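Reader: I'd like a close look at one part of this model, and then a walk outward from there. Could you take me through it in one go?

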Amino acid sequence: MFSSNPGTSRISSPSDNKKHNDIMKLSQFKFKLPQEQIAQHPAPHRDESRMLVLHRSTGDIEHKMFKDILNYFSEDDLFVFNDTKVFPARLYGNKEKTGAVIEVFLLRELNPEFRLWDVLVDPARKIRIGNKLYFGPDESIVAEVIDNTTSRGRTLRFLYDGDHDEFIRTIYGLGEAPIPRYIGRGSEPEDLENFQTVFATNEGAVTAPTAGLHFSRHMMKRLEIADIRTTSLTLHCGLGNFRDTDVEDLTKHKMDSEQLIVPESCCTDVNEAKERESRILAVGTTVQRGLETAAGPDYRLKAFNGWTNRFIFPPYEFKIATDMLVNFHQPYSTLLMLTAAFGGYEETMHAYEVALKEGYRFGCYGDCMLIVD
């Protein structure tokens, strides 16, 4: 079921990277994921998912509940969260004249003054430059297609006379939670809350940082009582996390750029944790990518405000986090590749094999894996 790569190590030196990168292939991240193991709904309570614990130094595996995570950390250890906030990005409009239903997935606002948005449309073949789309029960919101950017991508200009805040409230009021297609069902009203972390603050993501979904308000209080410190960066998760990787040679894969903000406060918290030799938990792959983007050659975190397309796959030398919490991801996904880079390719793929046999739930609403030394 799982392919192997004996030449791939967990942590490598820069000289090793060049030697091994040319043999790490897409096909090495293939496995069969039964549809019934893709979680369709979250656990009844956020902190009651199962948690597989992988000890990357030995390959040992434990089966726990997420509530047990505090047993692996001590006073003054640091959890790093992604505080991005998901907005209701999936809209349905009607095409002028024909009335055909068109799905519009809002990706990002390009120009607030002119109401310009970068979007995906489906079915794309029915949409041309100059077409108008109508939204809302009374079709009072109108958008015009002004550019074709990719085979599915378009730029829309919304024709709206109110102020920007009113426009955003109106558009978001029409949207649905942008749950991934692999879930296999439509969005439900409760998804808008379920698909949001309890610490979400800065709006801009079109998909949730899924490892963070396991934290309840009760768990956040437990962290505080245990004197485990927390800090946050912001990486606005885009659909690039779920795009197909279509090249066998992973060195040729290009990630979509995502907006990243690493504030000075986060840098101070992380660098102080490193100085006192505390453990640093990256909560999710987006946090891991954010930390590695902003890490300097001196292994200290530096403030960052810009865009990142950092693609991490084995082997890779991590500079900041000592531990990582992740969900179980799809085969061939860049999320799985990053997980394998941190946990070790052989160790991670074996853990996935065990998780499948033990009935762990995969996907954004699924169970989680804690990777520790």
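Where is the place of E277?

Author: E277 is in the loop between α5 (264-275) and β14 (280-283). Keep in mind that this is a predicted model. The backbone at E277 is worth a look: phi is near 60°, a positive value in a residue other than glycine. As for burial, E277 counts as exposed because its relative accessible area is 73%, and exposed means over 50%.

Another residue has a backbone angle of this kind. Y299, in the loop between α6 and β15, has phi near 65°, again positive and again not a glycine. Y299 has a relative accessibility of 30%, so it counts as partly exposed.

While we're on the backbone, look at the cis peptide bonds. One joins D122 and P123, with omega at about 0°, and P123 lies in the loop between β7 and β8 (132-135). Another joins P314 and P315, where omega is about -10°. P315 lies in the loop between β15 (304-308) and β16 (323-327).

Now to the rings. R279 puts its charged end over the ring of F73, 4.9 Å from the ring centre. F73 in turn belongs to a cluster that ring pairs build from F66, F73, F79, F81, F199 and F215. The structure holds 23 aromatic pairs. Take F31 and F362: their rings make a tilted pair, with 6.1 Å from centre to centre and 50° between the planes. That pair ties together distant parts of the chain, 331 residues apart: F31 sits in the loop between α1 (14-21) and β1 (50-55), and F362 in the loop between α8 (345-357) and β17 (368-372). F31 has 6% relative accessibility, so it counts as buried, and F362 is buried too, at 0%. F79 and F81, meanwhile, form an edge-to-face pair, 6.5 Å centre to centre and with 65° between the planes. Both F79 and F81 are buried. For another charge over a ring, go to R50, which lies over the face of Y360 at 3.9 Å from the ring centre.

The cluster leads on to D83 by way of F199, since F199 is among the residues that D83 contacts. D83 is in the loop between β3 (78-82) and β4 (84-86). It's an acidic side chain that you might want to check for burial: D83 has a relative accessible area of 11%, so it counts as buried, the cut-off being under 20%. Leaving aside neighbours within four places in sequence, D83 touches F199, A200, T201 and N202, along with S232, L233 and T234. For a sense of span, the C-alpha atoms of D83 and L26 are separated by 31 Å, with their positions 57 residues apart along the chain.

Next, the open space. The largest pocket holds about 670 Å³. Its lining has 31 residues, and those nearest the centre are L107, R108, D118, V206 and W307. Two or more lining residues come from each of β6 (101-111), β7 (116-122), α2 (164-174), β11 (202-205) and β13 (258-262). Of these, β7 gives the largest share, 4 residues. By class, the lining of the largest pocket divides into 12 nonpolar, 11 polar and 8 charged residues.

There is enclosed space as well: the structure holds 2 cavities of 30 Å³ or more. The second largest has about 50 Å³. Of the 10 residues lining that cavity, M255, R289, T334, L335 and L338 are the closest to its centre. Helices α6 (285-294) and α7 (334-343) each supply at least two lining residues, and α7 has the largest share with 3. The lining of this second largest cavity is made up of 5 nonpolar, 3 polar and 2 charged residues.

One last stop is T155, in strand β10 (residues 153-159). T155 is buried, because its relative accessible area is 8% and buried means under 20%. Beyond its neighbours within four places in sequence, T155 has contacts with L110 and W117, with the run E144, V145, I146 and D147, and with T149.

Key:
Residues are numbered from 1 along each chain as its sequence is written. This is a predicted model: local features need pLDDT of at least 70, side-chain atom pairs count only at pLDDT 80 or more; totals for chains, interfaces and linings use all residues. Side-chain values use heavy atoms; hydrogens and water are left out. Buried means under 20% relative accessible area, exposed over 50%, partly exposed in between (1.4 Å probe, protein chains only). Contact means heavy atoms within 4.5 Å. Rings of Phe, Tyr and Trp (its six-membered ring) pair if their centres lie within 6.5 Å; planes under 30 degrees apart count as stacked, over 60 as edge-to-face and the rest as tilted. A charge sits over a ring if NZ of Lys or CZ of Arg is within 6 Å of the ring centre and within 35 degrees of the ring normal. On a 1 Å grid over the protein atoms alone, a cavity is a set of points where a 1.4 Å probe fits but cannot get out, and a pocket is an open set with protein on both sides within 12 Å along at least five of seven lines; lining residues have an atom within 4 Å of a point. Grid points are joined across faces, edges and corners, and a volume is the space filled by probe spheres set on the points. Ala, Val, Leu, Ile, Met, Phe, Trp, Tyr, Cys and Pro count as nonpolar, Asp, Glu, Lys and Arg as charged, and the others, Gly among them, as polar.
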